[in-house]
Amino acid sequence: MVRPKTEEEIALLRENAIIVSKTLAEVGKTVAPGVTTKELNRVAETFIRDHGAIPSFLGFEGFPAAICASVNDVVVHGFPSDYVLKEGDIVTADIGTLYKGYNGDSAYTFPVGEVSAETRRLLDVTKASLYKGIEAAVAGNRVGDIGYAVQSYVESFGFSIVRELEGHGIGREMHEAPGVPNFGRQGHGPKLVDGMTICIEPMVNAGGRSVYLDRNGWSVHTSDRSNSAHYELTVVIRRGKAEQLSTFDFIEKDPKIIF
Ligand code: MG
Ligand code: MG
C-alpha cells in the first residue's frame with residue numbers, strides 16, 4: 001500500500017525537482033565535444049551544493065559520483081570519467097538531490113554536437129515515450145497503463161525497452177513503491193491515486209533490449225553495443241491528473257543548449 005503524499009510533502013518534492021531540473025540544464029550548457037564526463041559531474045555537484053542540496057547519488061550503495069553520466073551504449077549508471085565526449089556521441093545525465101529531507105531524481109540524454117539522423121530519432125522517440133507515460137498516469141489507471149503507453153509507443157518505431165530497470169515512487173526515499181516498469185499490460189498493477197509521486201523513466205535501446213552489467217558492478221550496457229537513451233521526470237498525481245514536478249524547460253528554453 002502506497003501512502004499518498006500530503007500537499008506539504010508535494011511542495012518539498014517540487015523544490016527538489018526544480019533543483020534537479022536546473023542542474024540538468026547546467027550540465028546541458030557544459031556538454032560539448034572535448035569535455036570530459038568528469039567535468040559534467042563537477043558542474044552538477046557544484047550547482048547542487050550551491051543550492052543547499054546534497055547530491056544523493058554520491059555514496060548511494062557505494063556509487064562513486066554525484067551524477068550518472070552514461071555515454072552511447074551505456075544505458076544507465078555510467079561513472080563520470082576522463083572520457084572525452086566527441087561529436088556524434090550521446091550522454092545521459094541522471095541526477096538526484098536530497099533537500100529538506102526529500103528527494104529529486106531526473107535524467108536527460110544530450111546529443112554531443114551533431115548526431116546521426118538515427119540517433120536523433122532515438123532521442124526524440126524516447127522523450128516522447130516519457131510524455132506518453134505521463135499522459136497515462138491519471139488517477140484510476142494502473143501502473144501497467146503507464147508501462148503499456150511507453151512500450152507500445154517505443155516499439156512502434158522499432159526500438160526496444162530495457163526491462164531490467166524501472167521507474168519508482170519517490171519521497172523521503174529516492175526509490176519507493178510502486179515500481180514503474182516501462183512495459184506492461186493495461187489495467188494491471190497497483191492503482192494510481194491522488195497524492196502519488198512517481199518517477200517515470202524509459203530506457204530505450206536503438207537495437208535489441210538485451211543488456212549486461214559492466215565489470216564495475218554498476219554500469220549497464222546494451223549487449224549489441226547500440227546506443228541507448230534515457231529521460232526521467234518526476235510527477236505527482238493530483239486532482240486526478242499527472243502534474244510534472246520536474247521539467248525539461250530549463251534545458252529546452254535555453255538558447256545556449258543543444259538538445
Ligand atoms: Mg534518475
Ligand atoms: Mg529514477
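Which residue in E14 is the bridge partner of Ile198? In this predicted model, the bridge partner of Ile198 in E14 is Val235. The sections below start from the sheet that holds this pair and then turn to the metal site, a helix, a second sheet and a loop residue.

## The five-stranded sheet

Five strands make up an open sheet, with antiparallel pairing and the order E8-E7-E9-E14-E15. At its edges stand strand E8 (176-180) and strand E15 (241-244); each has a single partner strand, so one side of each is left without a neighbour in the sheet. On average, and with direction ignored, neighbouring strands of this sheet are turned by 30° against each other.

Strand E9 (residues 197-200) and strand E14 (residues 233-238) run antiparallel and are joined by four bridges. Besides the pair of Ile198 and Val235, Cys199 has Thr234 of E14 as its bridge partner. Strand E7 (residues 167-169) is also antiparallel to E9, and two bridges join them. Here Gly169 has Ile198 of E9 as its bridge partner. Ile198 is thus named in bridges to E7 and to E14.

## What covers the sheet

Is E9 covered on one face or on both? Both faces of E9 are covered, with Thr197 and Cys199 buried on one side and Ile198 and Ile200 buried on the other.

Two helices lie against this sheet. Helix H1 (residues 7-30) lies across E9, E14 and E15, and its direction is at about 160° to E14. Helix H4 (residues 143-155) packs on the sheet as well, where it touches E8 and E9; the direction of H4 makes about 35° with that of E8.

## The magnesium site

The magnesium ion (ligand 1) has as its protein donors Asp94 (OD), Asp94 (OD), Asp105 (OD) and Glu232 (OE), which lie 2.0 to 2.7 Å from the ion. The spacing of these donor residues in sequence is D-x10-D-x126-E. A second magnesium ion (ligand 2) is 3.2 Å from the magnesium ion (ligand 1), and Asp105 coordinates both.

Where in the chain are Asp105 and Glu232? Asp105 is in strand E5 (residues 102-111), while Glu232 is in the loop between strand E13 (228-230) and E14. These two residues are 127 residues apart, and the pair links distant parts of the chain. Asp105 counts as buried because its relative accessibility is 3%, under the cut-off of 20%. Glu232 is buried too, with a relative accessible area of 0%.

## Helix H2 and its buried face

Helix H2 (residues 37-50) has 14 residues, which at 1.5 Å a residue should span 20 Å. The end C-alpha atoms of H2 are 20 Å apart, in agreement with that span.

The buried residues in H2 are Thr37, Leu40, Asn41, Val43, Ala44, Phe47 and Ile48. Seen down the axis of H2, its buried residues fall within an arc of 165°, so they line one face of the helix. Among the elements that cover these buried residues are H1, strand E1 (54-55), strand E2 (67-71) and strand E4 (90-99). H1 is therefore in contact with buried residues of H2 and also lies across strands of the five-stranded sheet. Just after H2, Gly52 has a positive phi of about 80°.

## The three-stranded sheet

Another open sheet has three strands in the order E3-E12-E11, and its pairing is antiparallel. Strand E3 (74-76) and strand E11 (211-213) stand at the edges with a single partner strand each, so one side of each is left without a neighbour in the sheet. Neighbouring strands of this sheet are turned by 40° against each other on average, direction ignored.

E3 and strand E12 (residues 220-222) run antiparallel, joined by two bridges. Between these strands, Val74 stands opposite His221 in E12.

## Thr247, a loop residue

Thr247 has its place in the loop between E15 and helix H5 (249-252). Is Thr247 buried or exposed? At 15% relative accessibility, Thr247 counts as buried, because the cut-off for buried is under 20% relative accessible area.

Leaving aside neighbours within four places in sequence, Thr247 is in contact with Ser21 and Leu233. Thr247 and Val235, the E14 partner of Ile198, are twelve residues apart in sequence. In space they are 9.4 Å apart, C-alpha to C-alpha.

Terms used: Residues numbered from 1 in each chain as written. Chains lettered and ligands numbered in written order. Predicted model: local features only at pLDDT ≥ 70, side-chain atom pairs only at ≥ 80, totals over all residues. Heavy atoms only, no water. Pairing = 2+ DSSP bridges. Axes fitted to C-alpha atoms, helices over the stretch in contact; angles between N-to-C directions. Contact = heavy atoms within 4.5 Å. Donors = N, O, S within 2.8 Å, 3.2 Å for Na, K, Ca; no water. Buried < 20%, exposed > 50% of the residue type's maximum accessible area, 1.4 Å probe, protein only. Expected span 1.5 Å × (residues − 1). Arc of directions from axis to C-beta.
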